[in-house]
Amino acid sequence: MGKPTGFMDYKRETSGEVKPKQRIKNFLEFHEHLPMEKQQLQGARCMECGVPFCQSGMTICGMTSGCPLHNLVPEWNDLVYTGNWEQAYKRLKKTNNFPEFTSRVCPALCEAACTCGLNGEPVATKENEYAIIENAYEKGYAAPKPPKVRTGKKVAVVGSGPSGLAAADQLNKRGHLVTVYERHDRAGGLLMYGIPNMKLEKRIIERKIRVMEAEGVTFVTGTDVGKDIKAAQLLKEYDRVILACGASNPRDIQAPGRDAKGIYFAVDFLRANTKSLLDSNFADGRYINAKGKNVVIIGGGDTGNDCVGTAIRHGCKSVTQIEMMPAAPKMRAEDNPWPEWPKVLKTDYGQEEAIAVFGHDPRIYETTVKEFVKDKNGSLKAVKTVKLKWEKDSETGRMKSSEISGSEQTLDAEIVLIAAGFTGCQKYVADAFKVELNERTNVKTAPGGYRTGVDNVFVTGDMHRGQSLVVWAIREGREAAREVDESLMGYTNLAVQ
């Protein structure tokens with residue numbers, strides 16, 4: 001620890017943001033990061049604890065506490081403070097293949113578990129991570145480093161989201177010949193088309209893809225395995241196949257009027273928006289335009305928030321976000337102590353922008369949809385909602401909801417976006433490879449393993465564990481790569497943590 005009193009000498013300081021009414025004029029990232037000198041002082045705040053909860057990745061009460069990648073947080077925080085940026089990069093890359101992604105989109109599980117946060121403000125670890133990786137690109141530390149020896153073994157990775165990319169990156173470093181198949185026209189999976197540009201600019205993904213290509217990874221885009229190419233062909237051409245296709249079945253909302261024109265899944269809305277932005281800066285018109293329309297978003301999570309921010313950038317007339325659950329408390333509850341993940345109210349960038357533009361928080365809690373109202377042409381014109389009451393079931397002990405009589409409300413709506421999560425992998429891929437699914441419609445493996453019941457076929461990421469975070473997808477990709485490597489070589493020296 002370079003500065004034993006750093007956490008007392010320096011206050012937590014993070015990047016500034018472009019003001020909401022200014023940043024909604026475009027789809028660019030809007031954080032204004034600290035200069036290097038100030039960032040180094042943030043590294044000094046790390047206490048290098050005897051028990052670094054920040055890197056633990058433990059499950060406490062069903063929630064993750066600390067980084068699932070077991071990033072060597074105290075080590076590279078200290079290296080940031082001392083200005084040893086190249087060594088900080090090398091330490092960071094030991095455990096994280098893609099800090100350029102996690103430093104932008106991760107909810108910072110490390111900071112929630114930081115010991116400084118017990119009685120004050122946590123270390124700005126996510127900001128330090130951003131500074132390390134961006135400095136590495138600027139100084140050339142992150143330049144391509146192809147493996148010096150090739151094994152001659154061939155691996156196909158189906159899906160180019162964070163888990164597939166992590167598996168491909170690890171196996172390529174080991175010297176295997178890796179080909180990544182992606183059904184869309186650009187690599188990146190949900191990083192590319194599920195997360196909007198203002199949260200993760202797509203040039204950042206493309207920059208990393210170029211590095212991986214220079215290191216020897218082959219990308220085949222616009223090819224839907226299971227439709228455009230048969231599973232049997234991959235199994236014949238490659239020694240191993242890794243399925244990393246995500247949990248891409250969106251959960252639907254069944255209510256009268258569901259067939260109305262103007263109801264879309266959030267993932268389709270976000271994908272079309274980003275593709276049109278990248279292809280033509282919206283000139284092609286091939287996206288779901290919310291301009292001048294009343295928008296209702298069903299779902300209170302990150303995807304719902306992304307839809308709020310996107311609709312506002314289109315110039316929507318109004319935006320409302322419906323959430324079934326009650327609002328979280330503003331402060332930690334007594335039964336949610338550190339180092340558990342803090343279950344507190346979070347007002348994200350999209351909600352901040354809605355407050356700035358419309359003067360109020362767009363979220364309505366403890367509410368569900370009763371009916372989608374159509375006009376005479378079958379187009380959506382309104383949404384009928386009802387308030388919910390939550391009570392504990394005396395038999396099961398679980399919370400259950402019931403409608404509150406007389407609490408119905410009608411919201412004008414020409415567009416509804418369903419952001420209610422996902423229900424597992426798309427079955428046609430699983431059927432193509434004849435892999436077995438579990439009760440959650442994820443691909444079945446032995447506990448803690450990534451090998452399916454089909455010879456030479458492995459699975460990783462959301463297709464294996466269900467919908468989760470980017471940081472968990474990277475962890476899964478690294479672990480799957482290790483298991484694949486061992487099956488190919490009889491041993492492995494690939495690190496997981």
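Let me start with Val 357, which, leaving aside its neighbours within four places in sequence, is in contact with Lys 21, Ile 24 and Ile 312. This is a predicted model, and I will speak of it as such throughout. Val 357 sits in helix 16, and its C-alpha atom is separated by 6.9 Å from that of Lys 21, although the two residues are 336 residues apart along the chain. Is Val 357 buried, exposed or partly exposed? Its relative accessible area is 35%, and because buried is taken as under 20% and exposed as over 50%, Val 357 comes out as partly exposed.

Staying with helix 16, its buried residues are Tyr 349, Gly 350, Gln 351, Glu 353 and Ala 354, and these pack against helix 2, which covers residues 20-23, as well as against helix 15, strand 11 and strand 12. Just after helix 16 comes Gly 359, which takes a positive phi of about 85°.

Now to the pair formed by helix 15 and helix 16. Two packed helices are described by the angle between their axes and the distance between the axes. For helix 15 and helix 16, the axes come within 7 Å and cross at roughly 40°. Angles under 35 degrees would count as roughly parallel and those from 65 to 115 as roughly perpendicular, so the two helices are oblique to each other. Helix 15 passes helix 16 in a left-handed crossing. On the side of helix 15 the contact is made by Asn 305, Asp 306, Val 308, Gly 309, Ile 312 and Arg 313, while helix 16 contributes Tyr 349, Gly 350, Gln 351, Glu 353, Ala 354, Val 357 and Phe 358.

Let me move on to the sheets. Strands of a sheet pair through backbone hydrogen bonds, either parallel or antiparallel. One open sheet here has five strands in the order 9-17-10-11-12, with parallel pairing. At its edges are strand 9 and strand 12, each of which pairs on one side only. Strand 9 and strand 17 pair in the parallel sense over three bridges, and within that pairing Ile 263 has Val 416 of strand 17 as its bridge partner. Helix 15 packs on this sheet, where it touches strand 10, strand 11 and strand 17, and its direction makes about 175° with that of strand 11.

A further open sheet of five strands has the order 7-6-5-8-18, again with parallel pairing. Its edge strands are strand 7, residues 218-221, and strand 18, residues 457-459, each pairing on one side only. Direction ignored, neighbouring strands of this sheet are turned by 20° against each other on average. Strand 8 and strand 18 run parallel and are joined by three bridges, with Phe 458 of strand 18 as the bridge partner of Ile 242.

For an antiparallel case, we can look at strand 13 and strand 14, residues 367-374 and 380-392, which pair in that sense over seven bridges. The bridge partner of Val 369 in strand 14 is Thr 385. The hairpin has five residues between the strands, and in it Gly 378 takes a positive phi near 85°.

Next, helix 14. How far apart are its end C-alpha atoms, and does the value agree or disagree with 1.5 Å a residue? The 15 residues of this helix, 266-280, should span 21 Å, and the end C-alpha atoms are 21 Å apart, which agrees. Buried in helix 14 are Ala 266, Val 267, Phe 269, Leu 270, Asn 273, Thr 274, Ser 276 and Leu 277, and what covers them includes helix 11, helix 12, strand 9, helix 15 and strand 17.

Helix 14 is followed by Asn 281, with a positive phi near 55°. Phe 282, in the loop between helix 14 and strand 10, has a positive phi near 75°, and it counts as buried at 18% relative accessibility.

I will finish with backbone geometry elsewhere. Most residues other than glycine have a negative phi, and most peptide bonds are trans. Ala 108, found in the loop between helix 6 and helix 7, has a positive phi near 60°, and at 8% relative accessibility Ala 108 counts as buried. The peptide bond from Trp 338 to Pro 339 is cis, with omega near 5°, and Pro 339 has its place in the loop between strand 11 and helix 16.

Terms used
Residues numbered from 1 in each chain as written. Predicted model: local features only at pLDDT ≥ 70, side-chain atom pairs only at ≥ 80, totals over all residues. Heavy atoms only, no water. Helix = DSSP H or I, 4+ residues; strand = E, 2+ residues; numbered from the N terminus. Expected span 1.5 Å × (residues − 1). Buried < 20%, exposed > 50% of the residue type's maximum accessible area, 1.4 Å probe, protein only. Contact = heavy atoms within 4.5 Å. Pairing = 2+ DSSP bridges. Axes fitted to C-alpha atoms, helices over the stretch in contact; angles between N-to-C directions. Parallel < 35°, antiparallel > 145°, perpendicular 65-115°, else oblique. Left-handed = near helix turned anticlockwise from the far one by under 90°.
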